[in-house]
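Student: I am new to this structure and would like a close look at one part of it. Could you pick a good place to start, and then show me how the rest fits around it?

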Amino acid sequence: MNESDTRWERTRNGLLWVAIPLILGILISTLIPKPIIGVIRLEDAIYSFTAQNMIKQIQYAIDHPEVRAVVLVFDSPGGTVVDTEAVYMELTRLRAMKPVVTAVNGMAASGAYYLSANTDYIYAKPSSMVGNIGVIGYLPPSPFVIEDIITTGPYKLWGAPRDSDMRQVEMIKQGFFQAVELGRGEKLTAGPETIYSGQIWSGIDATRLGIADELGTETDAYNKAAELAKVANYQAEDLASLAGVNTSGLLFFIQGPDGVSLPYPNKAGVYMLYIPPLPVK
Amino acid sequence: MKRSSIFTALLILILPILARGLWFYRGLPQRGEIATPDFESFAAPEAPLNKTAAKANTASEATGGIVLLDTIHLNQFNPNEIDALTSAIQERGGRMESYIDSTQLEYQLKYASAFITVSPSVPFSTNEQQTLKKFADRGGRILAFTDATRNFIYYDSTSGNPLAYGDSESANSLLSAFDITVNNDYLYNTEKNEGNFRNVLFDEFSKSELTFGLKEVALYGTHSVESLSGMILLRGMESTLSSGTDAHDFSQGGAALSADGNVAAFGDFTFLTSPYNSYTDNATLIANLADFILAGSRNTSLQSFPFVFKEKSVQVFLTSEVTKTTELVTALSGLQTSLRAMGIEIEFTDIRPRSGDAIVIGSFAPMDEIEPYAKKFDVTLGDGDFITTAEYGDVGRYGTGILLFDASDKGNTLVLLADTPEDINSLISVISNGSLSACLTGESVAVCSVGVGGDYSSESTDGEATDEATPEATPTPSG
């Protein structure tokens with residue numbers, strides 16, 4: 001075996017035992033996905049359309065292992081009770097698998113706060129509006145009969161007596177309060193008479209009261225989510241585009257004659273919703 | 001050699017995988033079960049129905065009386081909302097009558113036992129305030145209901161802020177004379193309540209006929225009410241707070257009673273409406289309210305004329321001086337018609353009545369039949385040109401009629417005195433017309449111009465008298 005043969009054999013061995021495994025290793029390593037911090041944005045009220053969108057995004061996060069954590073970004077006054085509860089329940093499934101962090105931009109009020117309470121950490125801006133814990137409902141009118149509407153019972157048209165509607169609202173409230181107790185628990189620094197007064201606080205006060213954890217940005221929320229998920233060098237991805245949901249909303253609020261949206265829901269019902277006292281002029 | 005090569009190759013293979021894995025992943029997050037609210041355990045608070053109290057409401061003693069219901073202050077309620085109270089009043093023989101014309105208030109309060117206003121939005125006028133004050137001072141009962149849930153919402157033109165104009169200010173225009181204030185707030189209790197924080201439970205009561213038999217009542221969106229000289233009827237728990245201060249104030253409650261016990265104010269009337277009238281002891285409270293409203297010991301005086309009799313019949317007694325001339329019979333028939341319109345029959349008697357309601361008709365001539373009345377009211381009769389009265393001094397005997405009113409437990413007696421048969425007839429006509437506007441009128445003595453033979457004009461008397469409408473048929477006022 002001459003010298004050139006020996007050199008060739010070395011080269012061949014090198015290729016066989018080093019380069020090929022290295023290339024193979026590199027190729028295989030690409031199968032390890034880059035961790036994604038999924039971002040779910042809610043910049044509207046919570047109602048059937050937005051709730052279904054959120055649920056699709058949550059489902060995507062559950063089904064895709066590369067999504068290691070989720071950040072909910074809120075600018076929402078809350079919404080209907082049932083849609084809020086629907087999202088809340090799906091969120092619970094997600095949280096059992098992956099950390100979820102809230103970043104409050106403008107507002108996480110009422111139902112939006114209900115969802116926030118079911119996350120691992122809450123960031124708010126100093127002037128974000130946070131809280132407004134409670135339920136608001138429109139009582140039905142006292143029943144009366146209408147000539148052209150025939151029903152099979154006194155409350156078929158009206159749903160329920162006013163008194164029992166009032167009591168139902170109280171029952172729904174219990175769920176909200178318990179959700180806050182479970183979500184925030186020992187972090188709360190004020191008593192129930194303050195926390196459940198229905199007040200809406202600035203981000204600064206919210207952190208003092210333990211309603212929120214810290215003042216911070218959306219980026220802080222991504223980092224916190226990554227920390228809780230024990231990932232680094234992640235990529236923040238909008239789950240709406242990944243899950244392919246259409247985010248252009250329907251009409252939930254009353255539209256003024258000039259087309260301006262008023263902060264009042266367009267139908268009577270029971271809501272976890274912040275309705276500001278100032279009318280939009 | 002081969003084994004080490006394989007080991008090296010494996011190491012080289014794993015290295016980029018490990019590097020990439022560690023670049024992205026720093027451990028395995030521990031996720032536990034996430035606790036959620038126990039939704040199935042939640043229940044709506046039950047309505048505190050009290051069937052016993054509802055039954056108690058029906059066991060009432062008939063006392064009668066007319067209750068004026070205010071409808072002219074843009075009152076924010078429907079009459080059917082106070083059906084429970086109306087029924088309780090009717091079960092006790094009382095009757096509701098609407099107050100629809102402020103010019104008639106003084107007249108209506110002459111025969112009414114009580115006045116009720118519910119959630120007024122327009123303040124009471126000075127005249128109304130004074131008239132109602134006099135009414136309560138005479139023993140009439142006033143019941144004012146306000147309600148924190150009844151507001152006119154309007155928007156400030158500058159800021160756009162919604163503003164609520166409630167009923168407290170208007171109610172206070174009436175209640176301030178009785179040292180009762182309804183605050184422009186609402187009471188709430190987030191710890192212990194009746195189904196909602198604004199439905200406040202009261203279990204501490206001041207001793208009063210209004211709170212008799214109460215253990216717990218609920219008001220549904222109530223203003224706080226206070227009275228320095230009177231008493232707070234319903235006191236809230238310490239956890240009951242005012243929306244005005246978010247604090248508890250021991251001087252405030254859900255209802256207050258004036259110092260003289262004739263005026264009560266409530267911060268809520270939703271408790272009168274169905275189904276809330278049957279919750280807690282609210283039915284008992286409503287029964288107590290009906291008793292209260294009909295139990296006023298209103299002092300009858302000439303100020304209450306023509307509603308000065310208590311009975312359904314009045315005995316008419318003519319003294320021996322008075323002759324039943326044709327003119328007198330005509331005058332008496334007019335009196336009979338007038339009293340019948342008020343539901344009162346007259347019965348003639350030859351013996352001076354000792355009990356029951358009576359009208360005694362006589363002349364200025366000193367007579368045994370008249371003297372007891374004249375003496376009682378310091379009126380000196382005689383043959384001179386003047387009759388001396390304690391209240392008005394000497395009054396000319398010619399063309400003058402004098403009314404004396406004696407109210408007692410045995411019955412109310414109206415004595416008509418004049419000089420001549422013509423004057424007597426004229427005086428009876430004044431009475432029949434149902435107005436003393438042509439008379440100087442005190443509590444028990446009135447001096448009237450009857451316009452015959454004196455210095456007074458008969459035309460003015462008649463004119464004044466006919467301005468007043470003939471009283472409508474009205475049950476005999478109580479008390």
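Tutor: Let's begin with one strand of chain B and work outwards from there.

Please keep in mind that this is a predicted model. Our starting point is strand β22 of chain B, residues 400-408, where seven of the nine residues are buried. A short hairpin, with two residues in the link, leads from β22(B) into β23(B). These two strands run antiparallel and are joined by eight bridges, β23(B) covering residues 411-418. You can find the pairing by looking for B:S408, which stands opposite B:G411. β22(B) also pairs with β25(B), residues 445-449, again in the antiparallel sense, this time over five bridges. Here B:L403 of the strand we started from faces B:A446. As background, strands in a sheet are paired by hydrogen bonds of the backbone, in a parallel or an antiparallel way.

Now follow the contacts of B:C448. Beyond its neighbours within four places in sequence, B:C448 touches B:G401, B:L403, B:L427, B:V430, B:L436, B:A438 and B:C439. Two of those partners, B:L427 and B:V430, are among the buried residues of helix α10(B). That helix covers residues 421-432 of chain B, and 10 of its 12 residues are buried. Its length makes a nice check: at 1.5 Å a residue, a helix of 12 residues should span 16 Å, and the end C-alpha atoms of α10(B) are indeed 16 Å apart, so the two values agree. After the helix comes B:G434, with a positive phi near 80°.

Let's step back to the interior. B:L403 and B:C448 are both listed among the residues with the most contacts inside the largest nonpolar core, which has 125 residues; B:A265, B:I286, B:I293 and B:L416 are listed with them. The element that gives the most to this core is helix α7 of chain B, residues 282-294, with nine residues. The core also takes in at least three residues from each of domain 1 and domain 2 of chain B. Domain 1 covers 51-294 and domain 2 covers 302-467, and their centres, taken over C-alpha atoms, are 41 Å apart.

Next, look at a sheet elsewhere in chain B. This open sheet has nine strands in the order β2-β1-β3-β4-β15-β14-β12-β9-β10, and its pairing is mixed. β2 (94-99) and β10 (217-220) of chain B are the edge strands, each with a single partner, so one side of each has no neighbour in the sheet. From one strand to the next, the twist averages 25°. Inside the sheet, β12(B) and β14(B) pair antiparallel over three bridges, with B:M231 and B:L257 as bridge partners. Two helices of chain B are worth finding here. Helix α3(B), residues 83-91, lies across β1 and β2 of chain B at about 130° to β2(B). Helix α6(B), residues 168-175, packs on the sheet and touches β3, β4 and β15 of chain B, its direction making about 165° with that of β4(B).

Finally, turn to chain A. The contact between the chains takes 42 residues from chain A and 39 residues from chain B. On the side of chain A, α1, α3, α5 and α8 each give two or more residues, and the largest share, 11 residues, comes from α5(A). Of these helices, α3(A) lies across β3 and β13 of chain A and runs at about 110° to β3(A). Those two strands belong to an open, antiparallel sheet with the order β3-β13-β7. β3(A) and β13(A) are paired over three bridges, and A:T80 stands opposite A:Y271.

Helix α8(A), residues 218-229, also passes the length check: its 12 residues should span 16 Å at 1.5 Å a residue, and its end C-alpha atoms are 16 Å apart, so the values agree. The buried residues of α8(A) include A:A221, A:Y222 and A:A225. The strands of chain A that the buried residues of α8(A) pack against are β1, β2, β4, β5 and β10. Just after the helix, A:K230 has a positive phi of about 60°.

Technical notes:
Residues are numbered from 1 along each chain as its sequence is written. Chains are lettered from A and ligands numbered from 1 in the order in which they are written. This is a predicted model: local features need pLDDT of at least 70, side-chain atom pairs count only at pLDDT 80 or more; totals for chains, interfaces and linings use all residues. Domain bounds come from an automatic or database domain assignment. A residue is buried if 20 or more other C-beta atoms lie within 10 Å of its own, exposed if 12 or fewer, and partly exposed in between; C-beta atoms are placed from the backbone. Helices (H or I, at least four residues) and strands (E, at least two) are DSSP runs, numbered from the N terminus. Two strands pair if DSSP finds at least two bridges between them. The expected span of a helix is 1.5 Å times one less than its number of residues. Two residues are in contact if their C-beta atoms, placed from the backbone, lie within 7 Å. A nonpolar core is a set of buried Ala, Val, Leu, Ile, Met, Phe, Trp, Tyr and Cys residues joined through C-beta atoms within 7 Å. Axes are lines fitted to C-alpha atoms, for helices over the stretch in contact, and angles run from 0 to 180 degrees between N-to-C directions.
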